[in-house]
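Please look through the sequence and the three-dimensional structure shown here before reading the notes beneath them. The notes are meant to be read slowly, with the structure open beside them.

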Amino acid sequence: MTTLHEPAVTASADALPVWPASAVEPRRGELTVGGVPLAEVADRFGTPVYVLDEDEVRERCRTYRHAFPEAEVLYAAKAFLCRAMARWVAEEGLGLDVCSAGELQLAVTTGFPPERIVLHGNAKSPRDLDTALRLGVGRIVIDSPSEIPRLAAAVGPHGHQKVMVRVVPGVSAGGHEKIRTGTEDQKFGLSIPDGYAQHAIARILDQPQLELTGLHCHLGSQITSVKPYVAAVRRMVGLMARLYEQHGLVLPELDLGGGHGIAYRPGEPALDLTALARKVRAELAGACGAAGLAVPRLVIEPGRAIVGPAGIALYRVLAVKRTGAHTYVAVDGGMSDNPRPALYGVRYAPRLVGRHSTADPARVTVVGRHCEAGDIVAADVELPDDIRPGDLLAVPAAGAYHLSMASGYNLVGRPPVVAVDDGLARLLIRRESLEDISRRDVGL
């Protein structure tokens, strides 16, 4: 246990590579983020709880604006969205990429300018399209031929809506087969080789109320190499050149989507944003120059790369079980608040916080509380050998696709989200209570 006579220690940013830049260890076993001790957050708000470093989010927004000053940067709301997040993104000058009426309406009612919002999705419902038109979104990304007449009819003969077309560039990239979306034979986008993309574009051009502003593609998620993006630019410009030859069409925008990878554990690679900006910019200029086209305005859609490293999940240890050669550390959350390990085999690096341990490290598997053998939070990780019930574990890089993909499994309720900044902690999203869950059940 830490005493007043122990010397204070401060962990440098290099010692905490997958944590927010504000993370420091003022005393052994204590970790603060945004000037707030994580143990204090857990005590005040309970666990599980998500902690979001506001300054880290804002700084990452600025990094994108500086790396791509000529581009339109849209934050991908599917990674994580709440009213505060929408406000931070708007204040930092980014647009928003949404994929449902729910995301769209939350953002607009927060005050987000609808003209800076893009709606996409492979199967937009009538409500999605009606809400987008009613609120006046900037662009709608068409993902299938059937959307064209539906959207044209909804706009009406005297209306006007800017649209883009999602194209499959035929580039394989992404951290797992379930999150690769740039290749043929999957649900997103329209294919170039079989002519579906060109046919859809021709149909859009026959609808005077729809204004085609550009092409859209998205290669996948958790991409850490620049090469796939360069290849995508080359293929998309090739299609733009053919459209110019066939229709005299000059498209002013090219959306390369997002999928920018981050490190979840020390030593893992992350996408080099500076290299991405430099090489994509050079390829776009070179390919357009060779084709005799004006360089379109680039659009990118980072989500995970902005909010992922800014988030931390806090769990309380409920049980420690040693069986055979394995030690299982069970916590009070799991796959209902983070399904990604079960879906994609994602691996994390949890850390003991709130007390200093002098025990040797031991290999353990951190598991959740749910009735599934696959409910694993972090497999085969090092924690102190004296880990015990009541201990607090912090999981870094937990800001993206955790709460946004959370479920009601076992009716445990979704965790709250707490923002930290400049020594203050405030609640952004409250914990889902049993009363909340009961109100939805009207079957008696």
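The briefing below goes through this structure topic by topic.

This is a predicted model, and the chain averages a pLDDT of 92, where pLDDT is the predictor's confidence in each residue on a scale from 0 to 100. The model holds 25 salt bridges, whereas a search of the whole structure finds zero disulfides.

**Confidence along the chain**

- Of the residues in the chain, 93% score at least 70, but over residues 1–13 the pLDDT is below 50, and this stretch has 17 contacts in the model beyond near neighbours in sequence.
- Residues 178–183 are another stretch to read with care, as the pLDDT stays under 50 there, and the model has 28 contacts for these residues beyond four places in sequence.

**Strand E16 and its partners**

- Strand E16, which covers residues 361–367, has five of its seven residues buried, so the strand is largely enclosed by the rest of the structure.
- Strand E14 (residues 326–331) runs parallel to E16 and is joined to E16 by three bridges, while strand E17 (residues 376–384) runs antiparallel to E16 and is joined to E16 by six bridges.
- Val367 in E16 can be followed to both partner strands, since Ala330 stands opposite Val367, and the bridge partner of Val367 in E17 is Ile376.

**Salt bridges**

- Side chains of opposite charge can pair when their charged atoms come close.
- Arg58 forms a salt bridge with Glu92, with 2.8 Å between the closest N and O atoms; the pair links distant parts of the chain, as Arg58 belongs to helix H2 (residues 54–67) and Glu92 to the loop between helix H3 (83–91) and strand E5 (95–98), 34 residues apart.
- Both Arg58 and Glu92 are buried, and these two residues also belong to a network of salt bridges that links Glu54, Arg58, Glu59, Arg62, Glu91, Glu92 and Arg426.
- Glu72 forms a salt bridge with Arg297, with the closest N and O atoms 3.9 Å apart, and this pair, too, links distant parts of the chain, for Glu72 is in strand E4 (residues 72–76) and Arg297 is in strand E12 (residues 297–300), 225 residues apart.
- Buried or partly exposed: which word fits Glu72, and which fits Arg297? Glu72 has a relative accessible area of 12%, which is under the 20% cut-off, and therefore counts as buried, whereas Arg297, at 41%, lies between the 20% and 50% cut-offs and therefore counts as partly exposed.
- The side chains of Arg430 and Asp436 meet in a salt bridge of 2.6 Å, N to O, and Asp436 counts as buried at 14% relative accessibility.

**Cysteines**

- Cys217 is in no disulfide, and the nearest cysteine sulfur, that of Cys288, is 13 Å away; a disulfide needs sulfur atoms within 2.5 Å, so this distance rules the pair out.
- Cys217 is buried, with a relative accessible area of 0%, whereas Cys371 counts as exposed at 63% relative accessibility.

**Two buried residues and their contacts**

- Gln209 lies in the loop between helix H7 (196–205) and strand E10 (210–216), and Gln209 is buried, with a relative accessible area of 9%.
- The side chain of Gln209 reaches the backbone oxygen of Ala152 at 3.2 Å, and, leaving aside neighbours within four places in sequence, the contacts of Gln209 include Ala152, Val155, Pro157 and His160.
- Leu151 is part of helix H6 (residues 147–155) and counts as buried at 1% relative accessibility.
- Not counting residues up to four places away in sequence, Leu151 touches Leu129, Leu133, Ile140, Ile142, Val163 and Leu210.

**Backbone details**

- A cis peptide bond, with omega about -5 degrees, joins Thr47 and Pro48, and Pro48 is located in the loop between helix H1 (38–45) and strand E3 (49–53).
- Gln222 has a positive phi of about 60 degrees although it is not a glycine; Gln222 sits in the loop between E10 and helix H8 (227–247) and is buried, with a relative accessible area of 17%.
- Ala397, also not a glycine, has a positive phi of about 55 degrees; Ala397 is placed in the loop between strand E18 (392–395) and strand E19 (417–421) and counts as buried at 1% relative accessibility.

Key. Residues are numbered from 1 along each chain as its sequence is written. This is a predicted model: local features need pLDDT of at least 70, side-chain atom pairs count only at pLDDT 80 or more; totals for chains, interfaces and linings use all residues. Side-chain values use heavy atoms; hydrogens and water are left out. Buried means under 20% relative accessible area, exposed over 50%, partly exposed in between (1.4 Å probe, protein chains only). Helices (H or I, at least four residues) and strands (E, at least two) are DSSP runs, numbered from the N terminus. Two strands pair if DSSP finds at least two bridges between them. A salt bridge is a side-chain nitrogen of Lys or Arg within 4 Å of a carboxyl oxygen of Asp or Glu. A polar contact is a pair of N or O atoms within 3.5 Å; within protein, one must be able to donate a hydrogen and the other to accept it, and residues adjacent in sequence count only if both atoms are side-chain atoms. Contact means heavy atoms within 4.5 Å.
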